[in-house]
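Q: I'm new to this one. Can you walk me through it?
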Amino acid sequence: MELHSDFSARVLIDTRDAPWVASPQPGVERRMLDRVGDEVARATSIVRYAPDSVFAEHEHALGEEILVLSGVFADEHGEYPAGTYLRNPPGTRHAPRSSAGCELFVKLRQFQPGDDRQLCVDTRAAAFLPGLVPGLQVLPLHEFGGEHVALVRWAPGTRFQAHTHWGGEEILVLEGVFSDEHGHYPAGSWLRSPHLSRHQPFSDPGCLIYVKVGHLQQDSAR
């Protein structure tokens, strides 16, 4: 299966309108955003666990990245409420579940070789740092090589300078409305902009976004 597998193309999806697709495990569904492969796939998805759902124990052959969007996600290592950011590197295993139900943003099989750092960050308790312009606050989550992952909070009326994305940029709008010269993106919008794309972002009402940069250069050359 291939879905939005041309990484040289810009993609915009309102994840709230994307269809839910059943997984092999009862009670676990996916909204597929991009995918290369079938059940074992390089994939980016919104994943929903119904209350009392469980997923079979499995190994992360090429890594797993998770941001808990709502509810409480869990495995044998702990419980992870909304706002938790997880990285499970290649070779790790777990048996995930959710007693209350949850929604997750999940990226599978997208770790670079040598990126073996395991992370669990409570982003709702962490301190944001001042950004490059007034009104911008940044919570760095992970970096490896040229890849950087962060949450970025935009105060109402914040403007950023035009810039080019070396290695591309991926954004999930978590709260508010993010904008640029190409359009306005409310909460639930997922954007993937390719290597060397360019824009001038802003937010009139303010917003909170997940942003990853520097990870699409190799994919763009596929």
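A: What follows is a short chat about a predicted model.

Q: Let's start with charges. How many salt bridges does the structure hold?
A: The structure holds 14 salt bridges. Side chains of opposite charge can pair when their charged atoms come close.

Q: Which residue does arginine 30 form a salt bridge with?
A: Glutamate 39. The closest N and O atoms of that pair are 3.2 Å apart.

Q: Is arginine 30 buried or exposed?
A: Arginine 30 counts as buried, because its relative accessibility is 9%. Glutamate 39 is partly exposed, at 46%.

Q: And what does aspartate 34 form a salt bridge with?
A: Arginine 192. Their closest N and O atoms are 3.0 Å apart.

Q: Where do those two lie?
A: Aspartate 34 lies in strand β4, residues 28–37. Arginine 192 lies in strand β22, residues 189–193. So the pair ties together parts that are 158 residues apart in sequence.

Q: Are aspartate 34 and arginine 192 buried or exposed?
A: Both aspartate 34 and arginine 192 are buried.

Q: What about arginine 87, which partner does that residue have in a salt bridge?
A: Arginine 87 forms a salt bridge with glutamate 147. The closest N and O atoms are 3.9 Å apart. A salt bridge needs them within 4 Å, so the pair counts.

Q: Which strands are those two in?
A: Arginine 87 is in β10, residues 84–88, and glutamate 147 is in β17, residues 147–154. The pair therefore ties together parts 60 residues apart in sequence.

Q: Buried or exposed, for arginine 87?
A: Buried, with 1% relative accessibility. Glutamate 147 is buried as well, with a relative accessible area of 3%.

Q: Which residues do salt bridges that share partners join into one network?
A: Glu65, Arg87, Asp115, Glu147 and Lys212.

Q: Switching to strands. In what sense do β15 and β16 pair?
A: They pair in the antiparallel sense, over two bridges. Strand β15 covers residues 129–130, and strand β16 covers residues 136–144.

Q: Which residue in β16 is the bridge partner of proline 130?
A: Glutamine 137.

Q: How many residues sit between β15 and β16?
A: Five, and the two strands form a hairpin. Glycine 135 in the turn has a positive phi of about 95 degrees.

Q: What about β16 and β17, how many bridges join them?
A: Eight bridges, and the two strands run antiparallel. Histidine 142 stands opposite valine 149 in β17.

Q: How many residues are between β16 and β17?
A: Two, in another hairpin. Glycine 145 in that turn has a positive phi of about 60 degrees.

Q: Which other residues have a positive phi, glycine aside?
A: Aspartate 52 is one of them, with phi near 70 degrees. Leucine 196 has a positive phi of about 70 degrees too, although it is not a glycine. Most residues other than glycine have a negative phi.

Q: Where is aspartate 52?
A: In the loop between β5 (41–49) and β6 (53–54). Aspartate 52 is exposed, because its relative accessible area is 62%.

Q: And where is leucine 196 found?
A: In the loop between β22 and β23 (197–199). Leucine 196 counts as partly exposed, at 49% relative accessibility.

Q: Cysteines next. How many disulfides does the structure hold?
A: Zero. Cysteine 102 is in no disulfide. The nearest cysteine sulfur is that of cysteine 120, 14 Å away. A disulfide needs the sulfur atoms within 2.5 Å, so that pair does not count.

Q: Is cysteine 102 buried or exposed?
A: Buried, at 4% relative accessibility. Cysteine 207 is also buried, with a relative accessible area of 5%.

Q: Last topic: serine 179. Where is that residue found?
A: In strand β20, residues 169–180. Serine 179 counts as buried, with 2% relative accessibility.

Q: Which side chain does a polar contact join to serine 179?
A: The side chain of histidine 184, in a polar contact of 2.7 Å.

Q: What does serine 179 touch, not counting residues up to four places away in sequence?
A: His184, Tyr185, Gln200, Pro201 and Phe202. So histidine 184 appears both in that list and in the polar contact.

Key
Residues are numbered from 1 along each chain as its sequence is written. This is a predicted model: local features need pLDDT of at least 70, side-chain atom pairs count only at pLDDT 80 or more; totals for chains, interfaces and linings use all residues. Side-chain values use heavy atoms; hydrogens and water are left out. A salt bridge is a side-chain nitrogen of Lys or Arg within 4 Å of a carboxyl oxygen of Asp or Glu. Buried means under 20% relative accessible area, exposed over 50%, partly exposed in between (1.4 Å probe, protein chains only). Helices (H or I, at least four residues) and strands (E, at least two) are DSSP runs, numbered from the N terminus. Two strands pair if DSSP finds at least two bridges between them. A polar contact is a pair of N or O atoms within 3.5 Å; within protein, one must be able to donate a hydrogen and the other to accept it, and residues adjacent in sequence count only if both atoms are side-chain atoms. Contact means heavy atoms within 4.5 Å.
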